[in-house]
Amino acid sequence: MKILRRILFALGLPVVLVAIWWFTSSGSYNFYFPPLPKILHWFGRLWFSRRFGDDVVPSLLRLLAGFAISAVAGVALGIALGLTDALRRGAEPVLEFLRAIPPTVLVPVIAIVAGIGDGSKILVIVSGCVWPVLLNTVEGVRAADEVMVDTCRSFGITRAARLRHMVLPAASPQIAAGLRQSLSIGLILMVIGEMFAATNGLGFSIVQFQRSFAIPQMWSGIILLGIIGFVLSALFTVVEKRALGWYLGLRESQKRNG
């Protein structure tokens, strides 16, 4: 019953918005805002066909590859910077300079250097996704309880053991927050990267529909993007609750007692 209530609560607003869109657009003759039934007609024709494998699957693979590389690189570098103050102070000016450059500006540069293949699209995603993971990891590692760190040192616990059993669990909530931010950024950059010098992908398809004035098809691609974002967020929430069950349970207990 509780699960059903959560599902109804999560789907309530989307259903209402879709219903409003359906009825308000049903008699529309506006070329740029076609009726929702027409958009859904093309949604079924386009994305429940071979086009899904030709365009959507490559986009998702690029997104997952870029997200995975960003997660590994961001956590590894964040741990190194968070544990070593001298390294963090030395690298901070360079990192702030690189972080200030919008990833979208780098798309043409990456296309020139890496070509128009999958590698360049993945690099575009990594160029934006790595920063939330990196910065959150640094702050999470630096926020580790100093008393616990000193206690571990006093008992002769090795640096590797401290990292595995104390520092990483303490930083994991902030790392998860960085990963969640990176996932949404990665979806945006996936589309942007495919809009420039691409031969397939969801972003490429949406731009092609727009350029050929296939407006219902363009809207169907935009709706598919929203669905993909929702599904990825839901999957991430499930994984996060399993991985951070101890932290979420502790926080819930503190709320009850507080």
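The following questions and answers go through a predicted model of a protein, from its overall make-up to single side chains.

Trainee: What should I know about the model and its numbering?
Mentor: Residues are numbered from 1 along each chain as its sequence is written, and side-chain values use heavy atoms, with hydrogens and water left out. As the model is predicted, local features need pLDDT of at least 70 and side-chain atom pairs count only at pLDDT 80 or more, while totals for chains, interfaces and linings use all residues.

Trainee: How many helices and strands are there in the protein?
Mentor: Helices (H or I, at least four residues) and strands (E, at least two) are DSSP runs, numbered from the N terminus. From that end on, the elements run α-α-α-α-α-α-α-α-α-α-α. The count is 11 helices and 0 strands.

Trainee: What percentage of the residues is buried?
Mentor: Buried means under 20% relative accessible area, exposed means over 50%, and partly exposed lies in between (1.4 Å probe, protein chains only). The protein has 258 residues, and the buried part of them is 35%.

Trainee: Among contacts between residues at least 6 apart in sequence, what percentage joins residues at least 24 apart?
Mentor: A contact means heavy atoms within 4.5 Å. Of the contacts between residues at least 6 apart, the share joining residues at least 24 apart is 77%.

Trainee: How far apart do the centres of the positive and negative side chains lie?
Mentor: Lys and Arg count as positive, Asp and Glu as negative, and His and the chain ends are not counted. Each charge is placed at NZ of Lys, CZ of Arg, CG of Asp or CD of Glu. There are 24 positive and 13 negative side chains, and the distance between the centres of the two sets is 8 Å.

Trainee: How many salt bridges does a search of the whole structure find?
Mentor: A salt bridge is a side-chain nitrogen of Lys or Arg within 4 Å of a carboxyl oxygen of Asp or Glu. One of them joins Asp 54 to Arg 50, with the closest N and O atoms 3.5 Å apart. Both of these residues lie in helix α3 (residues 50–83), 4 residues apart, about one turn of the helix. The search finds 7.

Trainee: Which helices hold Arg 62 and Asp 118?
Mentor: The side chains of Arg 62 and Asp 118 meet in a salt bridge of 2.9 Å, N to O. The two residues lie in different helices, so the pair ties together parts that are 56 residues apart in sequence: Arg 62 is in helix α3 and Asp 118 in helix α6 (residues 118–142).

Trainee: Is Arg 62 buried or exposed?
Mentor: Its partner Asp 118 is partly exposed, with a relative accessible area of 45%. Arg 62 has 6% relative accessibility, so it counts as buried.

Trainee: Asp 85 forms a salt bridge with which residue?
Mentor: The closest N and O atoms of this pair are 3.6 Å apart. The two residues are 3 apart in helix α4 (residues 85–99), about one helical turn. Asp 85 is partly exposed at 40% relative accessible area, whereas its partner is buried at 14%: Arg 88.

Trainee: The side chain of Ser 25 reaches the backbone nitrogen of which residue?
Mentor: Ser 25 is found in helix α1 (residues 2–25) and counts as buried at 6% relative accessibility. Leaving aside neighbours within four places in sequence, Ser 25 is in contact with Pro 34, Pro 35 and Leu 36. The backbone nitrogen reached by its side chain, at 3.1 Å, belongs to Leu 36.

Methods: A polar contact is a pair of N or O atoms within 3.5 Å; within protein, one must be able to donate a hydrogen and the other to accept it, and residues adjacent in sequence count only if both atoms are side-chain atoms.
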